[in-house]
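Q: Please take a close look at the part of this model around the ligand. Then work outward to whatever else can be described.

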Amino acid sequence: MEEVFYITTPIYYVNDEPHIGHGYTNILADILARYARLFGRPTYFLTGTDEHGQKVRRAAEERGIPPQSLADEMVVRFLDTWKTLDISYDDFIRTTDERHVKVVRHVLQDLWQKGDIYLGQYEGWYCVPDERFWTEKDVANGICPECNRPVELLTEPNYFFRMSNYQSWLVKYIKANPGFIRPAFRRNEVLGFLKKPLGDLCISRPVSRMDWGIRLPFDDDYVTYVWFDALLNYITGAGYLNDPKQFDLLWPRALHIIGKDILTTHCVYWPTMLQAAGLPQPERILAHGWWIFSGSKMSKSIGNVVKPLDLVKEYGVDGLRYYLVRDMTLGRDAEFSERQLAKRYEKELANDLGNLLHRLINMITRYSESKIPGSGQLNELDRQLISSTEQLVSSVNGFFEEQALNQLLSVIMAHISRINIYLEKTSPWKLAKTGQIDRVRTILYTATEALRIASILLHPVMPGRTATLWDQIGWEPPKILGNALQWGELVRGSEVQAGEPLFPRIDGP
Ligand code: MSP
């Protein structure tokens, strides 16, 4: 059996509702999961929510409700958003799930017994009104960067994970496994960070100061630091302790999709935690860049927060999914522009793809009694289109392995353009006027078949619209889609159906 493809997203803080950045990460993971399924690989896709810690506690306090109630309320927003965005996850993990609490406490106990956790003194600049620690570089002149009040140097007993013990092992591991952290420039960033001595990681918070977390199994006066808790979701989700059979299948086959902002936690904390726990490393950590907005970060105070659901209303879920992977080179930052989204929608989706389908259905209706025609003798132009379709199919896996989705989309869309050019060159509507009906039908079959195959390759990106396209060309997809990538699978005689435009006109920004 082929190896399982286990793909994870970061788990999202429930202090606020989902925005386009969260939407992007989950769409990206969803598309990769759908490509893996398309190739017949057994796939397991995990997403979820990060519910403990100061951020969530504070947001709940502001609302005057318990943190668990805030989490319960926000989780619904995430679930609704994922449903609207067509995210095909297999499991949704919440860090307040009992299965997860069990895993966190087990790992803590294990590391404590091994001597990898010890009680030490945490020293830092503390802002009493804000109830939070700052690092040396945050507090210029002893002033809290958030509220501008003086901070004080506070020492507090806390538990530490001996992360420093694993530094040289980690450096060796990253160097020996070039595919572990991607893209390569992020890997270099991590190696650069690891040139400085690594400290130990403070993994507890005293309940007297912060009580929203998982209690340490060996000291009830402390809760677990939110990152130590959150990272373990990836093994809980795979079934660690709770479903050993599933865990054996999934771990360590994992591909972690993350944003560049959480590189250190995933590439330094997480591998050392696993190593200490005696567990193997995930296969790959893939960090994508950020969507930026007119050169700046998205933030509530600037007032430029983009909600995915607002865009779905205008461009449809598939229009949005398409834009997000088309316009970002994985790993790099990209400027989010609704104008660009509208432009791509009009040109590539409504015109190149939608109109192509519309024209083909019209001609099949007119020249082939609404039935997929048979193909007659082929000429050079037909053969060229067939061979470029086959080349496209064989190139897809390479792009998938490299997670180069924008390149993949660009070669698929170039193929769509080729079909349009083929139609212009062969001009079946002209041939119809001179009664060359067999030739017309061969052209229509060839173009529709080239479109059908391209639409299968587009299916992971635009699952809804491609299914509509299949309805219109009267094609019923088999269970394992990959089998249908063969030229000639489109059956002669099936009924086509003119329907709604694939990508209706929009007003634009
Ligand atoms: N809870 C932690 C992750 C724990 S994983 C064990 C967290 N959550 S978060 O809700 O703040 O953000 C999660 C992810 O959202 C980021 O890593 C990133 O993937 C994504 N994004 C948030 N803003 C983004 C953009 N502006 N652009 C692209 N992705 C961004 O961090």
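A: What follows starts at the ligand and moves on to the cavity and the strands.

The model is predicted. Start with the shell. It holds 23 residues around the ligand. Ile11, Thr25, Asp50, Ile262 and Trp291 come nearest. By class, 12 residues of this shell are nonpolar, nine are polar and two are charged.

Which elements supply at least two residues each of the shell around the ligand? Strand 1 (5-13) and helix 1 (20-38) do. So do helix 7 (226-231) and helix 8 (233-238). Strand 1 gives the most, with four residues.

Now the polar groups. Aspartate 50 is among the nearest residues. An N or O atom in the side chain of aspartate 50 lies 2.7 Å from a nitrogen atom of the ligand. Tryptophan 291 is another of the nearest residues. Here the backbone takes part: a polar backbone atom of tryptophan 291 is 2.9 Å from a nitrogen atom of the ligand. Histidine 22 faces an oxygen atom of the ligand instead, with a polar side-chain atom at 3.4 Å. How much of the ligand does the protein bury? Taken alone, the ligand exposes 660 Å², and the protein buries 94% of that.

Helix 1 leads on to the cavity. This helix supplies at least two residues of the shell around the ligand. Helix 1 also supplies at least two residues of the lining of the largest cavity, as does helix 14 (405-426). A search of the whole structure finds one cavity of 30 Å³ or more. About 30 Å³ of space lies in the largest cavity. Its lining consists of Tyr24, Leu28, Val325, Met328, Leu330, Leu405 and Asn406. Six of these lining residues are nonpolar, one is polar and none is charged.

Next, the strands. Strand 6 (residues 152-161) pairs with strand 4 (residues 117-127). The two run antiparallel, joined by 10 bridges. In this pairing, isoleucine 117 stands opposite phenylalanine 161 of strand 6. Strand 6 also runs antiparallel to strand 8 (residues 201-202), with two bridges between them. There, phenylalanine 160 stands opposite cysteine 202 of strand 8.

An open sheet of three strands comes next, in the order 9-11-10, with antiparallel pairing. Why is one side of strand 9 and of strand 10 left without a neighbour in the sheet? Strand 9 (204-206) and strand 10 (215-216) stand at the edges, each with a single partner strand, so one side of each has no neighbour there.

Take the two pairings in turn. Three bridges join strand 9 to strand 11 (residues 219-224), and these strands run antiparallel. Proline 206 stands opposite tyrosine 222 in strand 11. Serine 204 stands opposite threonine 224 in strand 11. On the other pairing, strand 10 and strand 11 are antiparallel over two bridges. Leucine 216 stands opposite aspartate 219 in strand 11. Two residues lie between strand 10 and strand 11, which form a hairpin.

To recap the ligand site: aspartate 50 offers a side-chain N or O atom at 2.7 Å, tryptophan 291 a polar backbone atom at 2.9 Å, and histidine 22 a polar side-chain atom at 3.4 Å.

Methods:
Residues are numbered from 1 along each chain as its sequence is written. This is a predicted model: local features need pLDDT of at least 70, side-chain atom pairs count only at pLDDT 80 or more; totals for chains, interfaces and linings use all residues. Side-chain values use heavy atoms; hydrogens and water are left out. A residue is near a molecule or strand if one of its heavy atoms lies within 4 Å of it. A polar contact is a pair of N or O atoms within 3.5 Å; within protein, one must be able to donate a hydrogen and the other to accept it, and residues adjacent in sequence count only if both atoms are side-chain atoms. Accessible areas come from the Shrake-Rupley method with a 1.4 Å probe; for residues, only the protein chains shown count as cover. Ala, Val, Leu, Ile, Met, Phe, Trp, Tyr, Cys and Pro count as nonpolar, Asp, Glu, Lys and Arg as charged, and the others, Gly among them, as polar. Two strands pair if DSSP finds at least two bridges between them. On a 1 Å grid over the protein atoms alone, a cavity is a set of points where a 1.4 Å probe fits but cannot get out, and a pocket is an open set with protein on both sides within 12 Å along at least five of seven lines; lining residues have an atom within 4 Å of a point. Grid points are joined across faces, edges and corners, and a volume is the space filled by probe spheres set on the points.
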